[in-house]
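Colleague: I should like to learn how the features of a model such as this one are read. May we take them in turn, beginning with accessibility?

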Amino acid sequence: MDIRGTTKVCGIIGNPIKHSMSPIIHNYLAKVKGLDLVYVPFETTNAVAAVAGAYELNVLGMNVTVPHKNAVIPQLKEIDSLAANIGAVNTLVRVDGGFKGYNTDILGLKRQLELENVPLKDMDVVIVGAGGAARAVAFLCASEKVKSLTILNRTVSKAEEIANNIKQVFEGFNVSAYTINDYSVLENEKKYVVIQTTNVGLHPNNLEAPIYDKTFYDRVLYGVDIIYNPSKTKFMQLVNESGGQSFGGIKMLLYQGVLAFELWTGTSVSEEEANEVLQLLKKELNIDE
Ligand code: NAP
């Protein structure tokens, strides 16, 4: 592209940054939208200085990745309420006097579920895992008013911590925490939306799943795995074998980028454009299908 005096700059801060897919997403969208905008990677260990420097240098918007998603929060001028509850921010949008922080990782999952007609409101939901991604999914479930939330994790104390944090914000919310082996607490006569957030089944361990027992999968109406490589995980396969519908994680990755781009530029990315970006991501990640 032609970089001129008028060119707007967006970028991503993190460490390491070499493997980020975000430059591919945003430079492609800038090109198809005909915008005078460039997106660059910034490797840094100092999130505080990076945010101040980005504002000073008139940067339009930033993504934030590992390990800075928490550290940037005190440096923000404003923060979206869902991102504040989660305690992690991955997108900074320039406002008067600083940046406003959002968590488009979780807004990306929300958009994916809406587009794929996977309901949350009034549903019984199970989250498998209790790491950073699970925490974000759990707050999304509470803000989307699910009927009940069950968090299953190998280390039960982490599931309990998320459940307790949510109850402090959403008083009376129906959330419980168990070890992953206690999935028999799920009721036989109920059908659940299950969101798989552990690392189990991630490439190259494609044949692994966090739970193998068919009686668990018989209770799954919709199974969403946020892992995107492989595109069809063992968890998804087991959901399908028991008659449930399954979804993978690449669209969560796609829409976190699309939403950030829309926030920075005020444009709306069509489904056709989003699909073109999806194909680029699959190619770049060498994802089967
Ligand atoms: P994390 O904070 O490290 O949490 C990892 C989770 O996996 C924990 O609950 C951990 O349980 C569990 N786990 C790991 N190994 C396990 C095993 N052998 N058996 C059972 N449980 C195991 O990671 P994260 O940031 O939440 O990310 C989790 C996954 O989500 C990653 O695969 C990542 O690629 C994916 N992700 C995808 C997107 C997307 O855009 N699609 C976005 C974010 C993350 P313990 O607590 O017991 O250790």
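Modeller: Certainly. A residue counts as buried under 20% relative accessible area, as exposed over 50%, and as partly exposed in between. Please note that the model is predicted.

Colleague: How, then, does Lys33 count at 24% relative accessibility?

Modeller: Lys33 counts as partly exposed, because its 24% relative accessibility falls between the limits of 20% and 50%. Its salt-bridge partner is Glu273, and the closest N and O atoms of the two are 2.9 Å apart. This pair links distant parts of the chain, since Glu273 lies in helix H10 (residues 271-285) and Lys33 in the loop between H1 and S2, 240 residues apart. Glu273 has a relative accessibility of 15% and therefore counts as buried.

Colleague: How many salt bridges are there by this rule?

Modeller: A salt bridge requires a side-chain nitrogen of Lys or Arg within 4 Å of a carboxyl oxygen of Asp or Glu. By this rule the count comes to 12. One of them joins the side chains of Arg111 and Glu262, at 2.8 Å from N to O. Here too distant parts of the chain are linked: Arg111 belongs to helix H4 and Glu262 to helix H9, 151 residues apart. Glu262 is buried, because its relative accessible area is 15%.

Colleague: At what N to O distance do the side chains of Asp218 and Lys214 meet?

Modeller: The salt bridge between Asp218 and Lys214 has an N to O distance of 2.9 Å. Asp218 has a relative accessibility of 32%, so it counts as partly exposed. Salt bridges may also share partners, and in this way Asp124, Lys147, Glu187 and Lys190 are joined into one network.

Colleague: What should one look for when reading a sheet?

Modeller: The strands of a sheet pair through backbone hydrogen bonds, either parallel or antiparallel. In this model, an open sheet of 6 strands runs in the order S2-S1-S3-S5-S6-S4, and its pairing is mixed. Strand S2 (37-43) and strand S4 (78-79) are the edge strands, each pairing on one side only.

Colleague: In which sense do S5 and S6 pair?

Modeller: Strand S5 (residues 91-95) and strand S6 (residues 98-102) are antiparallel, and they pair over 5 bridges. Within this arrangement, Leu92 stands opposite Gly101 in S6.

Colleague: How is a pocket described, and what is the volume of the largest pocket?

Modeller: One gives its volume, its lining and the classes of the lining residues. The largest pocket has a volume of about 1,200 Å³. It is lined by 40 residues, of which Thr65, Val66, Lys69, Asp105 and Tyr228 are the closest to its centre. Helices H1, H4, H5 and H9 and strand S3 each supply at least two residues of this lining, and H5 gives the largest share, 5 residues. By class, the lining divides into 20 nonpolar, 16 polar and 4 charged residues.

Colleague: Which residues are closest to the centre of the second largest pocket?

Modeller: The second largest pocket holds about 390 Å³ of space. Among the 17 residues that line it, Gly129, Asn153, Arg154, Thr198 and Asn199 are the closest to its centre. The largest share of this lining, 3 residues, comes from H5. The classes here are 7 nonpolar, 8 polar and 2 charged.

Colleague: Finally, how many disulfides does a search of the whole structure find?

Modeller: The search finds 0 disulfides. As for the cysteines themselves, Cys10 counts as buried because its relative accessibility is 0%. Cys141 is likewise buried, with a relative accessible area of 0%.

Note on methods:
Residues numbered from 1 in each chain as written. Predicted model: local features only at pLDDT ≥ 70, side-chain atom pairs only at ≥ 80, totals over all residues. Heavy atoms only, no water. Pairing = 2+ DSSP bridges. Helix = DSSP H or I, 4+ residues; strand = E, 2+ residues; numbered from the N terminus. 1 Å grid on protein atoms, 1.4 Å probe; cavity = no way out; pocket = protein on both sides within 12 Å on 5 of 7 lines; lining within 4 Å. Points joined across faces, edges and corners; volume = space filled by probe spheres on them. Nonpolar A, V, L, I, M, F, W, Y, C, P; charged D, E, K, R; others polar. Disulfide = S-S within 2.5 Å. Buried < 20%, exposed > 50% of the residue type's maximum accessible area, 1.4 Å probe, protein only.
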